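Welcome, and please get your viewer ready. We will go from one selection to the next, pausing at each to look around.

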2 protein chains.
Amino acid sequence: MDLRRFRYFVVCAEELHFTRAARRIGIAQPPLSQQIQLLEKEVGTRLFHRLTRGVELTPAGEAFLTDARNVLDMAERAMTSARQIGRGERGSIKIGFTSSASFNPFVPGTISRFRAENPDVEVVLDENTTRVSLQNLRNGKLDIAFLRPAPGEVHDLRVQHLFHEEMRIALPASHPLANETRLKLSMLATDPFVLYPRTNGQALYDAIVAGCQNAGFSPRIVQEAPQMASTVSLVAAGVGVTLVPESMCQLQSSGVVYREIVGAKPTAALSLVQRERPPSVLTGKFSDLCRKLAIG
Amino acid sequence: MDLRRFRYFVVCAEELHFTRAARRIGIAQPPLSQQIQLLEKEVGTRLFHRLTRGVELTPAGEAFLTDARNVLDMAERAMTSARQIGRGERGSIKIGFTSSASFNPFVPGTISRFRAENPDVEVVLDENTTRVSLQNLRNGKLDIAFLRPAPGEVHDLRVQHLFHEEMRIALPASHPLANETRLKLSMLATDPFVLYPRTNGQALYDAIVAGCQNAGFSPRIVQEAPQMASTVSLVAAGVGVTLVPESMCQLQSSGVVYREIVGAKPTAALSLVQRERPPSVLTGKFSDLCRKLAIG
DNA sequence: TCTTTTCGATAGGTTTATCATATGGATTTG
DNA sequence: CAAATCCATATGATAAACCTATCGAAAAGA
């Protein structure tokens, strides 16, 4: 069952003349006759009637001709398809990000630029917590992700640092300090804090807590929300205050105001994270694009 | 582009372990590694990531796996299908017959027996004049046919004689001789005859005319009908008389009576006709069945 | 930490399969 | 009747696939 014989057969069926077919294939007539005989032996039936002037297809040969053409065609497409995927011209990439990352314009910007440059690539997006995203990177459910990981939790992954963002204070509009344009962190010492569970993303959580402690107090956390975006909603509702990366200020709401921090400010790093092991072509393309856009 | 490599690849993709895959295929590991490398070179991209413990599929490899399976499957089915057609287990046969032949129970009997014995064979039936049927046999539109040909018009075809049938006289029920059970042919000397055009089937036509001439007269043909079955309708309508093969007496009609001929009777031969050159398996099967049923 | 095991890649020699040249046999054409 | 056509066969050459032996890297076990 050799595709070469399939190809030889198709040419013979098209020419109905072994000598001419051999010329077209680029071999001599005897080996062609031989290959057809071997094919017939393998199939178990004659595919050609040998006439005194050329040959003609048997009924079995007729049927085999259409099938053989299909097989050759499909084999050709299988190779082409794999080649395209191998070159990153086609395929699929799964990109993860945390809710806080999605507010940095760089993230949606890079993704839409990638989509434009690779129209035949399926881009699957997945917003999730840092913890779950890291897990999905490790088990292959994600190819690459925009996260704010702590150094310790990504030792087995490839991390590409993108930005350091200053953090800002998010206050309820009704807060006594809401009219101040610039606040010192220590002014929040007695305020109730809204934060997300530490397990959902320890790096940012720890940066906030450490920042407070540098300012001389431990934040009093009165309420947890699953993600940073939802903590802002709780701030807007007057439940408490919180700290958010600068880019989160895009999330404007009538009940919340963002204020710059005077003095030592905690920062939030935004990184691109991917598996170390098999650097898929599309993952490579995407991270190259990120690097290019982050620099430029 | 060799199917062997496709098969090797699929086994490797299933095992994700070259050494184990090689064992399953029945070759040593080095040539298998080599064949995979050649395949990857041909496709133009890596299909496996080589890990320290076994291998894993690249995205291109994933896609190629499903395609390769399809190609192998389709190639297998192409061979099986051709084999079945070659053995006559599947396929198509086109059987022709003249209207007069179709009234001989042997013809429909043989066809339905053949259908029962070969349920996967498509049987295409075609009723036509002898002349057209012979033409269709020669140009391949028919595989085999039940006809009453003249010896001269089938020199290039294979003819298998089946039966000699006596001919009978078909009279209008209103005919003066309709009450006689047995008639001599000469008694029709002055009767008007209904016949079909000689070009539609000279053998039977000539047998009728010759029979009359042996009985001492030339039939006076007053009306032609395209086929023998339609001449009987004209007889029933009282237009004239005619001679028909014995088996046509099955075509009973209130206006027509059939009478045996006393003395020298013309006969009609029923034959199975097929092309000489490429004896297709199904044609052979069908003619074998005819021979068996004709003898038994 | 060092040894052992595992597993794919490489190297060199052997077998098998494919191809080329020369020729035969059957039929058709000039 | 000779020449040409066209597929089949025979035999020797070349290329491919395969085998055994071995390497090198990483992981598992001591």
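Which residues come nearest to DNA strand D? Keep in mind as you look that this is a predicted model. Select strand D together with the residues around it: there are 24 of them, and those that come nearest are A:R50, B:R5, B:Y8, B:A28 and B:T52.

**Stop 1: the surface near strand D**

Colour this surface by residue class, and you should find 8 nonpolar, 11 polar and 5 charged residues. Next, show the helices behind it. From chain A, α2 (18–25) and α3 each supply at least two residues of the surface, and from chain B, α1 and α3 (29–43) each do so as well. Now turn to the DNA side: among the atoms of strand D within 4 Å of the protein, 78% belong to sugar or phosphate, and the rest belong to bases.

**Stop 2: three polar contacts with strand D**

Zoom in on B:R5, where a polar side-chain atom lies 2.4 Å from a phosphate oxygen of strand D. Then pick B:R4: an N or O atom in its side chain is 2.9 Å from a sugar or linking oxygen of strand D. Finally, switch to chain A and select A:H17, which places a polar side-chain atom 3.1 Å from a phosphate oxygen of strand D.

**Stop 3: α1 and α4 in chain B**

Hide the DNA for a moment and select residues 3–15 and 59–87 of chain B, which are helices α1 and α4. Their axes come within 9 Å and cross at roughly 130°, so α1(B) and α4(B) are oblique to each other. The crossing is left-handed. Show side chains where the two helices meet: α1(B) brings residues including B:F6, B:F9 and B:V10, while α4(B) brings, among them, B:F64, B:L65 and B:L72. By class, the residues of this contact divide into 11 nonpolar, 1 polar and 3 charged.

**Stop 4: α1 and α3 in chain A**

For the last stop, select residues 3–15 and 29–43 of chain A, helices α1 and α3. How are these two helices oriented to each other? Their axes come within 10 Å and cross at roughly 110°, and therefore α1(A) and α3(A) are roughly perpendicular. This crossing is left-handed. On the α1(A) side, the contact is made by A:R5, A:Y8, A:F9 and A:C12, and on the α3(A) side by A:L32, A:Q35, A:I36, A:L38, A:L39 and A:E42. Coloured by class, the contact shows 7 nonpolar, 1 polar and 2 charged residues.

Notes: Residues numbered from 1 in each chain as written. Chains lettered and ligands numbered in written order. Predicted model: local features only at pLDDT ≥ 70, side-chain atom pairs only at ≥ 80, totals over all residues. Heavy atoms only, no water. Axes fitted to C-alpha atoms, helices over the stretch in contact; angles between N-to-C directions. Helix = DSSP H or I, 4+ residues; strand = E, 2+ residues; numbered from the N terminus. Parallel < 35°, antiparallel > 145°, perpendicular 65-115°, else oblique. Left-handed = near helix turned anticlockwise from the far one by under 90°. Contact = heavy atoms within 4.5 Å. Nonpolar A, V, L, I, M, F, W, Y, C, P; charged D, E, K, R; others polar. Near = heavy atom within 4 Å. Polar contact = N/O pair within 3.5 Å; in protein donor to acceptor, adjacent residues only side chain to side chain.
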